[in-house]
Number of protein chains: 2
Amino acid sequence: MNPEPVTDWAQLPLSRTTVDRAAELRDDVELVERLLTASSTRVVLVRGASLAVRDAHGSSVPGALVLDLVPGAEVVAVLATTQSELTAPHAPGWLFLGTDDDGAYLALVLPAEADEDVDISGVVPARAEDILGRGRRFENLRDAGHLLDARDAGLATTAVGVAAWHVRALRCEHCGEATRPARNGWSRVCTSDGREVFPRTDPAVIMAVVDDAERLLLGHAAHWPEGRFSTLAGFVEAGESVEAAVRREVREETTVVIGDVVYRSSQPWPFPRSLMLGFRAHAVTTDVVVDGVEVTDARWFTRDGLAADLAAGRVLLPMRSSIARGLIEEWYGGPLADRTG
Amino acid sequence: MNPEPVTDWAQLPLSRTTVDRAAELRDDVELVERLLTASSTRVVLVRGASLAVRDAHGSSVPGALVLDLVPGAEVVAVLATTQSELTAPHAPGWLFLGTDDDGAYLALVLPAEADEDVDISGVVPARAEDILGRGRRFENLRDAGHLLDARDAGLATTAVGVAAWHVRALRCEHCGEATRPARNGWSRVCTSDGREVFPRTDPAVIMAVVDDAERLLLGHAAHWPEGRFSTLAGFVEAGESVEAAVRREVREETTVVIGDVVYRSSQPWPFPRSLMLGFRAHAVTTDVVVDGVEVTDARWFTRDGLAADLAAGRVLLPMRSSIARGLIEEWYGGPLADRTG
């Protein structure tokens, strides 16, 4: 079933990490202010699921990128110029990402859209976040994750994941009052009842479903571009094991019955907040009936058939940063043409 | 490292399931009312993390239990007597659990504490929930999960998991207004902006850390009873793979460095809402330093040493329903004395 394990499960694009999260420092309320004065501190700029990046000149990887990290001293200079607070009220603010031998890493979350607030004389106030982001190139983590090295991929994935949660957890689930960021970005606290909440991550399963003839089952979701096919996936429900979720999702989406389920690896997928748990699942039936709502097409591919469909442009595969891509290429036994959708 | 895999990873107590969740029926707003009129419908009574149970007479398993399921007709009769609505305003209400060849299963979530509201003449009103729960025996899923059969364990775990979420998601995270249950208990909808939210499940890792001498690392948490030891565990953070979480948690709690990490199996742990992902982790260092706050003791056990400590009452192990117990017994190579804490 798996002659050539070409996918390196220990090196999935968004699972890579080198920076120590140094969680023991998160409770220091003066951490950001102190770190910004250190010459070794660098700041990741995040805007939605996008990050400030530059070309990685001299890399042997085509299209390789590096994070466009802002030195702490530059942030301090901009803050002095604009007389801004360290955290503007409209932004989720600062996030402490961790440390390595080279220094500390912070993320600064920029407003998702350029803010056109003007003061009473019609002048757009100069804000630190705007100045720091100006003129930089931003790329979506989904598209760029596999083009970053391990350090930058880990920093970027964490920054995007935590930032995405902040903009969705503005109110206390218990009393409805406003929450404010705490622990250097790693929690939010209710301004009324003091309850603390931590970033939410939704576990999901994603699976290469393979039958006795070694064919791979791929599906097409209703909202995808025409011709895009990928592995089946879905959220783990409350009170359900991961293995039960694999069987339920495949049956719900295709009516195919699953026998053995073998874990492969995991990858954070912070769009906005999933944790993808990847499996190989053995199909014990092969008739496919799609629900026609979420999944509008699903079919069995042979290796030769998928390669031909790709070459002819009839099929688009998931992006290289995804675990789906890893599952498909493991089944195929090698890299596939880079036609993604 | 693992001479006798005595733990059946496909049959973890709270991962077992036989009932079809039949998610396609969740959108039917008259589902509960209709199902209650069917003679084959049975109702699981949930109160916090506890369930109505009875002794399973005639079972060969010592202490075996069955859910004390209430026939739909009995619920209808009580509703008629009390002239109650199907869902009282103070309860999270009804949850549709699914179907099997014998009929449909609902859960009714009872108030966590006996409610002593009285009417103007000092009489406690007869409410359907109170009458249905009266005189029944309730057991916590944590203690009773492994004593139920697969059908009842799956029903109970799902009911407890979804019920626990409802009481924590009362307000909209976006606007702060009240939310109300929808989709027969499977979501909540904001009464102001209409946003829909689904039950939250927090992924966590739990790992048998084993060194080159086949010793097992167990820890003692600050808030546990004296002598209780279990496998290390912790939540997966935003932007982190599961494998990275295993390495980070072990290092944070004990300073031990982990090499290879091998997935074992998963189990829902709805206290209130975790998904436990179980691993065997190979330690490449053996010096142990605990943080003294969360974890106040951690030590290496040999197989003989653990058996002796258990026999002497110096060590208590995690409950049989836990995945920790499965990881420890797999390492040990067989069942251990049933002294839990």
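**View 1. Eight salt bridges turn up across the interface of chain A and chain B.** This is a predicted model, so keep that in mind as you look around. One of the bridges to look for pairs Arg21(A) with Glu240(B). In that pair, the closest N and O atoms sit 3.8 Å apart. Polar contacts are here too: the count between chain A and chain B comes to 25 residue pairs, both residues in each being at pLDDT 80 or more.

**View 2. Four elements of chain A each put at least two residues against chain B.** They are helix 5, helix 6 (242-254), strand 14 (258-269) and strand 15 (274-283). Which of the elements gives the largest share of the side of chain A that touches chain B? That's helix 6 of chain A, with six residues. Sort this side of chain A by class and you get 19 nonpolar, 12 polar and 13 charged residues.

**View 3. Chain A and chain B bring 44 residues each to their contact.** Together the two chains bury about 3,500 Å². Carbon and sulfur atoms give 51% of that area. Three residues are worth finding on the chain A side: Glu173(A), Arg200(A) and Ala238(A). They supply 19% of what chain A buries against chain B, and no other three residues supply more.

**View 4. Now stay inside chain A, which is divided into two domains.** Domain 1 covers 23-116 + 126-168, while domain 2 runs over 201-332. Where they touch, domain 1 of chain A puts in 10 residues and domain 2 of chain A puts in nine. How far apart are the centres of the two domains? Taken over C-alpha atoms, the separation is 33 Å.

**View 5. About 870 Å² is buried between domain 1 and domain 2 of chain A.** Carbon and sulfur atoms hold 72% of it. In domain 1 of chain A, the residues losing the most area to domain 2 are Arg142(A), His146(A) and Arg168(A). Between them, these three make up 57% of what the domain 1 side buries.

**View 6. Zero salt bridges are found across the interface of domain 1 and domain 2 of chain A.** There is one residue pair in polar contact across it, with both residues at pLDDT 80 or more. On the domain 1 side, helix 4 (141-144) and helix 5 (150-166) of chain A each supply at least two residues. Helix 5 gives the most, with four residues. By class, this side of domain 1 has four nonpolar, four polar and two charged residues.

Key: Residues are numbered from 1 along each chain as its sequence is written. Chains are lettered from A and ligands numbered from 1 in the order in which they are written. This is a predicted model: local features need pLDDT of at least 70, side-chain atom pairs count only at pLDDT 80 or more; totals for chains, interfaces and linings use all residues. Side-chain values use heavy atoms; hydrogens and water are left out. Domain bounds come from an automatic or database domain assignment. Contact means heavy atoms within 4.5 Å. Buried area is the accessible area (1.4 Å probe) that two parts lose on being put together, summed over both. A salt bridge is a side-chain nitrogen of Lys or Arg within 4 Å of a carboxyl oxygen of Asp or Glu. A polar contact is a pair of N or O atoms within 3.5 Å; within protein, one must be able to donate a hydrogen and the other to accept it, and residues adjacent in sequence count only if both atoms are side-chain atoms. Ala, Val, Leu, Ile, Met, Phe, Trp, Tyr, Cys and Pro count as nonpolar, Asp, Glu, Lys and Arg as charged, and the others, Gly among them, as polar.
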